[in-house]
Amino acid sequence: MTNVILRCTNLYKSFSLDKKGPSALHVLKGIDLDVQEGEVVSIVGASGSGKSTLLHILGGLDRPSRGEVFWGETNILTLTDETLAKRRGTNVGFVFQFHHLLPEFTSI
Ligand SMILES: Nc1ncnc2c1ncn2[C@@H]1O[C@H](COP(=O)(O)OP(=O)(O)O)[C@@H](O)[C@H]1O
Ligand SMILES: [Mg+2]
């Protein structure tokens, strides 16, 4: 029996842009993905194609413009930011390409 631990359906993400050019950049346009327990998945694409945007949304760091994200049976978009942050802290690991360190903190 398969066990889907991560699922997204019909995922869209657009970023609003400033007024000079087009009003929005449509990055994700209807992504469907199922990941089974124990499965190793690579997301491959040209620079700027939306890989990080997708991973941020799947990891609960950002919210999509449209669509659903499930961790197991839970639709994470129905969670409050606080509950989502707690679940993210216990369930998800990130290795950032850009590590977003805060200069005012030390590691001690
Ligand atoms: N916060 C943001 N605001 C506006 N545009 C963004 C933002 N984040 C990413 N983008 C744009 O979305 C597109 C996809 O970016 P990204 O997901 O980082 O691609 P990849 O990880 O595949 O290189 C790029 O054109 C990028 O400039
Ligand atoms: Mg990236």
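A residue counts here as buried if 20 or more other C-beta atoms lie within 10 Å of its own. By that yardstick, helix α1 has four residues to talk about, but a quick look at the whole chain helps to place them.

This is a predicted model, and the confidence scores are worth a glance before anything else. The protein averages a pLDDT of 93, and 99% of the residues score at least 70. Strand β3 (residues 66–71) has the highest confidence, at 98, while helix α2 (residues 81–91) has the lowest, at a mean of 96. Two helices and four strands make up the secondary structure, and they follow the pattern β-β-α-β-β-α along the sequence. Taken along the principal axes, the C-alpha atoms fill a box of roughly 50 × 45 × 30 Å. Of the 108 residues in the protein, 13% are buried. Among contacts with a separation of 6 or more, 51% are between residues 24 or more positions apart.

Now for α1. Its buried residues are T53, L54, I57 and L58. Viewed down the helix axis, these fall within an arc of 130°, so they line one face of α1. What do the buried residues of α1 pack against? Their partners are the strands β1 (4–16), β2 and β3. Just past the helix comes G60, with a positive phi near 75°.

Some of these residues turn up again in the largest nonpolar core, which has 10 residues in all: C8, L11, L28, I31, L54, I57, L58, V69, W71 and I76. At least two residues of this core come from each of β1, β2, α1 and β3, and α1 supplies the largest share, with three. V69, one of the core residues, touches C8, I57, L58, I76 and L77 once neighbours within four places in sequence are set aside.

The helix also has a hand in the ligand site. The shell around ligand 1 is made up of F15, L25, V27, G45, S47, G48, S49, G50, K51, S52 and T53. By type, that comes to three nonpolar residues, seven polar and one charged. Both β2 (24–36) and α1 (51–58) put at least two residues into the shell, with the largest share, three residues, coming from α1. T53 thus does double duty in this description: the residue is among those surrounding ligand 1 and is also one of the buried residues of α1.

Another member of that shell is L25, found in strand β2. Is L25 buried or partly exposed? With 14 other C-beta atoms within 10 Å, L25 is partly exposed. Apart from neighbours within four places in sequence, L25 is in contact with S14, F15 and L17; F15 is in the ligand shell too. The C-alpha atoms of L25 and G67 are 17 Å apart, with their positions 42 residues apart in sequence.

Over in strand β1 sits Y12. Y12 is partly exposed because 15 other C-beta atoms lie within 10 Å. How far apart in space are Y12 and K29? They are 17 residues apart in sequence, yet their C-alpha atoms are 4.8 Å apart. Leaving out residues up to four places away in sequence, Y12 touches L28, K29, G30, P64, S65, R66 and G67. L28, one of those contacts, belongs to the nonpolar core.

Definitions and conventions: Residues are numbered from 1 along each chain as its sequence is written. Chains are lettered from A and ligands numbered from 1 in the order in which they are written. This is a predicted model: local features need pLDDT of at least 70, side-chain atom pairs count only at pLDDT 80 or more; totals for chains, interfaces and linings use all residues. A residue is near a molecule or strand if its C-beta atom, placed from the backbone, lies within 6 Å of it. Ala, Val, Leu, Ile, Met, Phe, Trp, Tyr, Cys and Pro count as nonpolar, Asp, Glu, Lys and Arg as charged, and the others, Gly among them, as polar. pLDDT is the predictor's confidence in each residue, from 0 to 100. A residue is buried if 20 or more other C-beta atoms lie within 10 Å of its own, exposed if 12 or fewer, and partly exposed in between; C-beta atoms are placed from the backbone. The arc is that of the directions from the helix axis to the C-beta atoms. Two residues are in contact if their C-beta atoms, placed from the backbone, lie within 7 Å. A nonpolar core is a set of buried Ala, Val, Leu, Ile, Met, Phe, Trp, Tyr and Cys residues joined through C-beta atoms within 7 Å.
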